[in-house]
Amino acid sequence: MLGSLDARIPAGSLDSKWTDHKFSMRLVNPNNKRRFDVIVVGSGLAGAAAAASLGELGYRVKVLTYHDSPRRAHSIAAQGGINAAKNYQNDGDSVYRLFYDTIKGGDYRAREANVYRLAEVSVDIIDQATAQGVPFAREYGGLLDNRSFGGAQVSRTFYARGQTGQQLLLGAYSALMRQVATGTVELHTRSEMLELVMHDGRAVGVVTRDLITGEIVPHSAHAVVLATGGYGNVYFLSTNAKMCNVTAAWRAHRKGALFANPCYTQIHPTCIPASDDFQSKLTLMSESLRNDGRIWVPVAHEDGRAPHEIPDADRDYFLERKYPAFGNLVPRDVASRNAKTVVDEGRGVGPLRNGVYLDFSGAMARDGEAVIRAKYGNLFDMYERITGEDPYTVPMRIYPATHYTMGGLWVDYELMSNVPGLFVMGEANFSDHGANRLGASALMQGLADGYFILPYTIGNYLSDYLGDPALDTSEPVFADAEQAVANEMNRWLSIGGTRSVDHYHRELGKLVWDYIGMARNKTGLEKALSEIPALREEYHRNVRVLGSADTLNQSLEKAGRVADLFELAELMARDALTREESCGGHFREEHQTTDGEAMRDDENFTHVAAWEWNGEGTPQTRHREELEFENVELTQRSYK
Amino acid sequence: MSAEINLTLKVWRQAGPNADGRFVTYEASGISTDASFLEMLDIVNERLIEAGEEPIVFESDCREGICGTCGLMINGQAHGPQKGTATCQLHMRSFSDGDHIVIEPWRATSFPVLRDLAVDRRAMDAIIGAGGYISVNTGAAPDANLTPVPKETADTAFDAAACIGCGACVAACPNSAAQLFTAAKVQHLNLLPQGQAQRWARTEAMVETMEAFFGSCTNHGECEEACPKEIPIDFIAWTNRDYIKAKVKNRKLAG
């Protein structure tokens with residue numbers, strides 16, 4: 001049984017922990033590395049970076065991705081940028097300041113040691129990416145340019161137009177393909193992980209389904225690394241790509257990996273509002289737009305005038321009014337909640353009154369349209385393609401949408417879950433962002449984990465197993481896992497219900513958005529805990545999956561993913577109900593200050609909640625990892 | 001303003017890589033002009049499932065025009081009628097009530113059909129593996145500001161790097177050539193100071209791997225027209241120049 005969770009944080013001062021720990025960890029000598037097999041599931045920033053780095057070191061690596069190419073992973077869609085404490089702008093940035101901003105932005109619910117290490121290696125990421133040929137934005141002198149982002153008062157964000165994630169992923173993907181060509185990495189595309197295989201209490205492999213042929217394939221290794229992203233699609237409508245899901249992490253959870261802080265979800269303030277029921281996803285407009293755009297709604301309720309007819313005196317620039325110090329650059333959770341407040345008051349704009357304006361007219365008057373076009377041209381074009389409106393002449397309409405999930409599988413300081421041999425990186429783990437992630441920090445964390453942390457820490461685990469071959473895939477544990485996958489496929493195909501998988505996914509998403517969205521309360525969460533299981537029961541009884549298991553069958557793929565999202569949604573509700581405080585992205589209406597700000601309960605909730613699977617039909621057990629703050633004083637976050 | 005339109009779709013259906021394919025006609029009625037093209041197909045698929053028919057297989061992921069997963073021939077045009085726009089960003093306001101729309105998969109021998117509208121594009125990964133990288137092991141990089149890169153150079157390299165690897169250039173080309181895809185990656189790296197060390201080896205290897213899989217370029221320019229990122233064919237010209245130089249330089253270096 002698990003006691004209180006130990007993250008195995010090294011002793012010593014904050015700024016020497018990682019350096020000292022790198023020295024104290026055991027190494028695997030270069031000749032022995034080729035005797036270890038490592039499976040990396042997922043090929044986004046974290047997965048591609050880790051697989052490439054492990055391949056360079058000489059490990060035998062297998063990359064499994066359900067995409068047709070590693071380059072498709074959803075990291076590619078990140079727009080705004082990547083933070084790093086380079087202090088190239090001479091504006092007072094430092095590793096400590098990036099650490100401090102991230103801890104504060106996360107509302108004091110992240111581990112100090114992890115976050116400090118993240119800030120420390122951030123500078124190496126920029127060097128690595130630049131050397132790979134990532135075309136970051138540059139000044140006329142040829143040196144790298146920076147911009148500012150929400151939650152920070154320095155300019156530390158490196159960017160590549162509005163496509164920073166794309167360029168960083170293409171860099172990691174090119175490094176990965178170099179290793180594939182060299183033969184150190186074996187690449188399996190269109191392979192979806194559906195089971196984690198355990199032996200003697202350790203992770204020893206996975207079972208995948210080939211999405212083209214339906215073939216069920218066992219993969220054995222000394223360690224399994226999950227880099228499979230977040231679970232934002234539990235809301236159905238989110239800025240995530242359509243295929244993003246929780247399945248790999250959830251199947252590991254069902255095998256014993258603890259799932260931490262599932263209620264910490266991030267609602268991004270600047271997305272294009274939904275236009276109708278057929279909407280399949282929501283599109284993000286980069287947070288960087290808040291550098292130059294001003295957010296406002298009319299002062300009057302249901303003001304019917306066009307935006308240009310509304311004089312300044314009748315506009316409410318509500319973020320500038322409430323938060324004069326940070327203004328439009330308050331962190332995401334604060335910006336989102338305030339947008340919800342004004343829309344709920346009936347001051348929303350657009351045909352469905354479900355948005356707020358993001359207005360560039362002031363910036364264009366100040367800097368000229370050409371400057372704005374150079375900075376944000378591709379985003380403006382995208383907005384126009386989707387809405388049919390020209391943001392150069394009409395203010396954009398934006399509204400919050402689910403964007404990122406801070407929760408994920410629990411990992412220790414070495415990024416290993418409580419299951420020995422199972423490592424988790426990037427958005428799939430829970431570790432570095434606390435209850436709220438700052439903008440431009442997801443790319444930083446994915447690449448930090450993949451390039452600079454896991455390649456060190458995995459050796460510390462593997463060195464115990466030198467000389468042991470990976471478990472043979474003819475062992476019964478593999479046959480059992482393969483049979484479980486085959487049974488699952490047959491089960492979906494034999495239900496013969498009446499409604500599609502997407503129908504149920506959409507219905508689930510509505511429940512999760514209503515009860516576990518931007519603001520939560522006890523009554524709603526209790527409703528969620530009765531309505532979600534009821535809908536799930538109907539799903540398992542009435543879903544219609546046509547076709548067969550031995551071909552490309554997209555409904556069949558989705559059926560299992562949505563089933564896992566149902567189980568996750570229930571755990572999110574339970575986690576949100578248990579956390580009787582507001583912090584970051586988790587806003588409990590019962591816990592707010594008189595002026596509507598989040599109110600933490602540090603005495604009772606300065607801990608990570610990590611949930612243990614107890615089998616189907618039995619609620620998970622809640623474990624705690626106490627968070628110790630030795631360097632930062634816990635205060636109420638203030639951006640005023 | 002949004003309106004509802006009725007469409008007739010002729011969609012390529014093919015049960016598997018070795019099966020015969022055929023066009024099947026579907027009526028898509030009551031489609032909002034605010035819907036995206038893929039949302040229109042989502043609606044058609046919902047109706048097919050309700051009617052007990054297997055839905056049309058088509059691929060997409062980000063639906064923001066950046067992942068490169070989607071790609072359909074729409075009335076014979078790769079990614080459809082709107083210039084500089086991937087299929088997922090095309091909206092139904094580009095169509096009119098009563099339109100007939102022919103929907104096919106990418107057409108190229110190097111992109112075999114997997115099912116219906118989904119194709120296999122792994123040949124593009126092989127081209128990247130042949131040299132579409134700068135060999136720098138993790139941890140070996142110097143400070144990022146050590147080498148200034150003129151802004152114009154960085155911007156031009158970015159114009160090439162914007163490629164999303166969707167394969168529209170191949171699908172649009174009468175020869176099914178992959179010159180624009182390949183040249184975009186070659187020039188992204190060849191333009192940058194960081195890419196000089198491997199410039200000639202990269203160019204030769206990538207071009208020749210491309211030739212092993214795809215047809216040859218005869219300067220039609222259809223690729224640039226179809227490219228959702230509007231990558232210019234100048235990069236092809238520069239790559240041809242680099243390839244000729246590479247053949248000489250690589251021989252000289254070897255000798």
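**Entry 1: strand E7 of chain A**

I began with strand E7 of chain A, residues 202-210, and asked how far it is enclosed. Of its 9 residues, 7 are buried, so the strand is largely enclosed by the rest of the structure. I note here that I am working from a predicted model.

**Entry 2: the pairing of E7(A) with E6(A)**

I next looked up the pairing with strand E6 of chain A, residues 191-199. E6(A) and E7(A) run antiparallel and are joined by 8 bridges. To fix the register, I took A:Met193 and found that A:Thr208 in E7(A) is its bridge partner. I then examined the connection: the two strands E6(A) and E7(A) form a hairpin, with 2 residues between them. Within that turn I recorded a positive phi of about 55 degrees for A:Asp200.

**Entry 3: the pairing of E7(A) with E8(A)**

Which strand does E7(A) pair with over 5 bridges? I found strand E8 of chain A, residues 216-220, again in the antiparallel sense. For the register I noted A:Val207, whose bridge partner in E8(A) is A:Pro218. E7(A) and E8(A) also form a hairpin, here with 5 residues between the strands. In this turn I recorded A:Gly214, which has a positive phi of about 80 degrees. I therefore place E7(A) in antiparallel pairing with E6(A) and with E8(A), in keeping with a strand that has 7 of its 9 residues buried and so is largely enclosed.

**Entry 4: the domains of chain A**

I turned to the division of chain A, which gives domain 1 as 268-402 and domain 2 as 476-626. I looked up the separation of their centres, taken over C-alpha atoms, and found 31 Å. How many residues of domain 1 of chain A are in contact with domain 2 of chain A? I counted 5 residues of domain 1, in contact with 5 residues of domain 2. On the domain 1 side, helix H9 of chain A, residues 332-347, gives the most, with 4 residues. By class, I recorded 3 charged residues, 1 polar and 1 nonpolar on that side of domain 1.

**Entry 5: chain B**

I closed with chain B as a whole, for which I noted 8 helices and 7 strands. Its C-alpha trace spans about 65 × 40 × 35 Å along the principal axes. Chain B has 255 residues, and 55% of them count as buried. I also checked the contacts in chain B with a separation of 6 or more: 72% of these are between residues 24 or more positions apart.

Key
Residues are numbered from 1 along each chain as its sequence is written. Chains are lettered from A and ligands numbered from 1 in the order in which they are written. This is a predicted model: local features need pLDDT of at least 70, side-chain atom pairs count only at pLDDT 80 or more; totals for chains, interfaces and linings use all residues. A residue is buried if 20 or more other C-beta atoms lie within 10 Å of its own, exposed if 12 or fewer, and partly exposed in between; C-beta atoms are placed from the backbone. Two strands pair if DSSP finds at least two bridges between them. Two residues are in contact if their C-beta atoms, placed from the backbone, lie within 7 Å. Domain bounds come from an automatic or database domain assignment. Ala, Val, Leu, Ile, Met, Phe, Trp, Tyr, Cys and Pro count as nonpolar, Asp, Glu, Lys and Arg as charged, and the others, Gly among them, as polar.
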